[in-house]
Amino acid sequence: MPDSLPASSTEHSREEERPAPWRDEVLNQSAPPLRHAFVDDLPLREALRCHAPGLSADLLTRLADLGAQVGTLETRAMGFAVNAHPPVLHTHDPQGRRRDDVEYHPDYHRLMRIALEGGWHSVAWEAEGCGGHQAHVAALYLLTQAEPGFCCPITMTHAAWPALRQDESLAAFWGPRLRARSHDPRTCAPRDKHCATFGMAMTERQGGSDVRSNLTQAHAEGEGYRLNGHKWFMSAPMSDAFLTLAQLEEGLTCFVVPRRREDGSHNGLQLQRLKDKCGNRANASSEVLLVDARGQRLGEPGRGITTILEMVHQTRLDAATAPVALMRQALVEALHHCQQRHAFGKPLASQPLMQQVLADIALEVEAGIALCLRIARQFDDATREPDARPLARLAPAIAKYWHNRRAPPLLAEAMECLGGNGYIEEHLTARLYREAPVNAIWEGSGNVLCLDVLRTLARHPDAGEALLSELRDARGQSPRYDAALAIFERGNLLHHAEEARARQLVQSLAVLWQAALLIRHAPADVAEAFCATRLAGTDIPGATGVHGLPPGMSPRHLLARVLP
């Protein structure tokens, strides 16, 4: 045998020993963004300075601490974990007794603790009239970027208090538990829990949004009531109590139904199944059968819709804020990726056409957070000024309708910025896209919201006048805005709106209000870019789709405001 291999064979062997770049190195792939979700969000901080000027240093520090938590890779991993391991229903114990418990992944409880121990479910009422609602909206916006699913019980617990405080005894019992800054997931008697979360049970399979068609019946029994019926959707079924609609002789009435009775025994809430949803997978949504469930009446008999609307009114502002948070998170993912990813010899983020897409999403987020915090300020004002209440009642439906119209197409654009990676569940944008439709559906779908706006305008015409006055205050700084507002006023939709044109009315109000806020409070080039892309060339402001900035208008300043 020869002492050595031929030269050609030796060279071939050495080539095999060297790692092949295509096999062992990961090239031109972006890493997950590591960020401070509060400090890095300039539009959020500017909107807080504008619409919550009296916010205490303590609340600002708490928001900054929350933003630091939300932006970590650890919190990001929690969001992935609770979606990979969704809630599991246990209807019975091994001996066949009703159990009706929902088991969540441990990271779900960790996320709940971030929100509850931070006090974000109760801050609106602890600092009511002093920036509490603005702090809650800002926190919900940040928490949604951690994971939207667990925010559902946080929102409902926050929103339950205005309804509960209509009853002195119920408020005295549940109030301290709702305001407690802790998380107690145990299944036990309400009196044994020092903290509690609330849900709601309104819709039934035969009616959906038409809750007047509800069939669940309530009958007086001792000092309380016994409820029997079926609810088609009950989100967060592991809450400690639920605002529930049921029929009395006087009509539809609101009740507080705890999950367990005073002795800790089962209260007849039989969970039938968990819904297999398109998104929102970390949050359990169930069908429930009420079998002699005991509850206490909240509000006057036959006035259940009026009573529970105090809760719905609050949840709608959260449902208007959540899609803006989803767009913000998707924008961060897309821009961060485009800054690191190279194509055709340069970063994607430096390529003009990609900059147009990213800038358009950035404009939508700027306008969305400005409108949400403006409405939150109206909520705070309404606690001190009765004249502010009509606009506070009108505004959430407008913002909820429009923000949820914009989120799905812009989340799709953000997902496309990542190419094929964006469509893979291992990346965040796919999950955000699946999440997008839910806030448009619960707490009133688009048509329901638009009809609600018409009813509110009819009952409280001063609400429309207050909004129109605010829109007029922004005149004189943007010719595009002035022209769009003039067209809107000539159409007279605000005073003579027909049901068939209700969507046109609400969309116009939303986009004009966003434009007015940016004109008055945002940098001039941001406001002008928004007006140029949302108000030009159509009688209806804000036509959907991605808009390119006009010639000569650079997207660089807009993108510099997204991430430092």
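Reader: How many disulfides does a search of the whole structure find?

Author: Zero. The cut-off here is a pair of cysteine sulfur atoms within 2.5 Å. Keep in mind that this is a predicted model, where local features need pLDDT of at least 70, side-chain atom pairs count only at pLDDT 80 or more, and totals for chains, interfaces and linings use all residues. Residues are numbered from 1 along each chain as its sequence is written, and side-chain values use heavy atoms, with hydrogens and water left out.

Reader: OK, what's the nearest cysteine sulfur to Cys338, then?

Author: That of Cys417, 4.8 Å away, and Cys338 is in no disulfide. The same goes for Cys417, whose nearest cysteine sulfur is that of Cys338.

Reader: Is Cys338 buried or exposed? And Cys417, buried or exposed?

Author: Cys338 is buried, at a relative accessible area of 0%. Cys417 is buried too, at 6%. Buried means under 20% relative accessible area, exposed over 50%, and partly exposed in between, using a 1.4 Å probe and protein chains only.

Reader: Switching to aromatics. How many aromatic pairs are there?

Author: The count comes to four aromatic pairs. The rule takes rings of Phe, Tyr and Trp (its six-membered ring) with centres within 6.5 Å; planes under 30 degrees apart are stacked, over 60 edge-to-face, and the rest tilted. One of the pairs is Phe173 with Trp174: centres 5.0 Å apart and planes at 90°, so edge-to-face.

Reader: Which residues form a cluster with Trp174?

Author: Phe173 and Phe198 join Trp174 in one aromatic cluster. Phe173 is partly exposed at 29% relative accessibility, while Trp174 is buried at 4%. The rings of Trp174 and Phe198 are also edge-to-face, because their planes sit at 90°, with centres 5.1 Å apart.

Reader: What does the Trp174 and Phe198 pair tie together?

Author: Trp174 lies in helix 10 (residues 168–179) and Phe198 in strand 3, so the pair ties together parts that are 24 residues apart in sequence. Helices (H or I, at least four residues) and strands (E, at least two) are DSSP runs, numbered from the N terminus. Phe198 itself is buried, at 0% relative accessibility.

Reader: And the rest of strand 3, which residues are on which side?

Author: Strand 3 covers residues 198–201, with Phe198 and Met200 on one side and Gly199 and Ala201 on the other. All four are buried, and both faces of the strand are covered.

Reader: Which strand do bridges join it to?

Author: Strand 3 runs parallel to strand 6 (residues 241–248), with four bridges joining them; at least two DSSP bridges are needed for two strands to pair. Gly199, for one, has Phe242 as its bridge partner in strand 6.

Reader: What does UniProt place at residues 199–290?

Author: An unreviewed entry there gives the feature "domain: Acyl-CoA oxidase/dehydrogenase middle". In the model that span is 0% helix and 52% strand, and its end C-alpha atoms lie 15 Å apart.

Reader: Now helix 6. How far apart are its end C-alpha atoms?

Author: They are 16 Å apart, which agrees with the 16 Å that twelve residues (106–117) should span at 1.5 Å a residue. That expected span is 1.5 Å times one less than the number of residues.

Reader: Which of its residues are buried, and what covers them?

Author: Asp107, Tyr108, His109, Leu111, Met112, Ile114, Ala115 and Leu116 are buried. The cover includes helix 4 (57–70), helix 5 (73–84), helix 8 (132–146) and helix 9 (151–164).

Reader: What comes just after helix 6?

Author: Gly119, which takes a positive phi of about 80°.

How values were computed: Contact = heavy atoms within 4.5 Å. UniProt positions renumbered as here; feature names shortened; annotations may be inferred.
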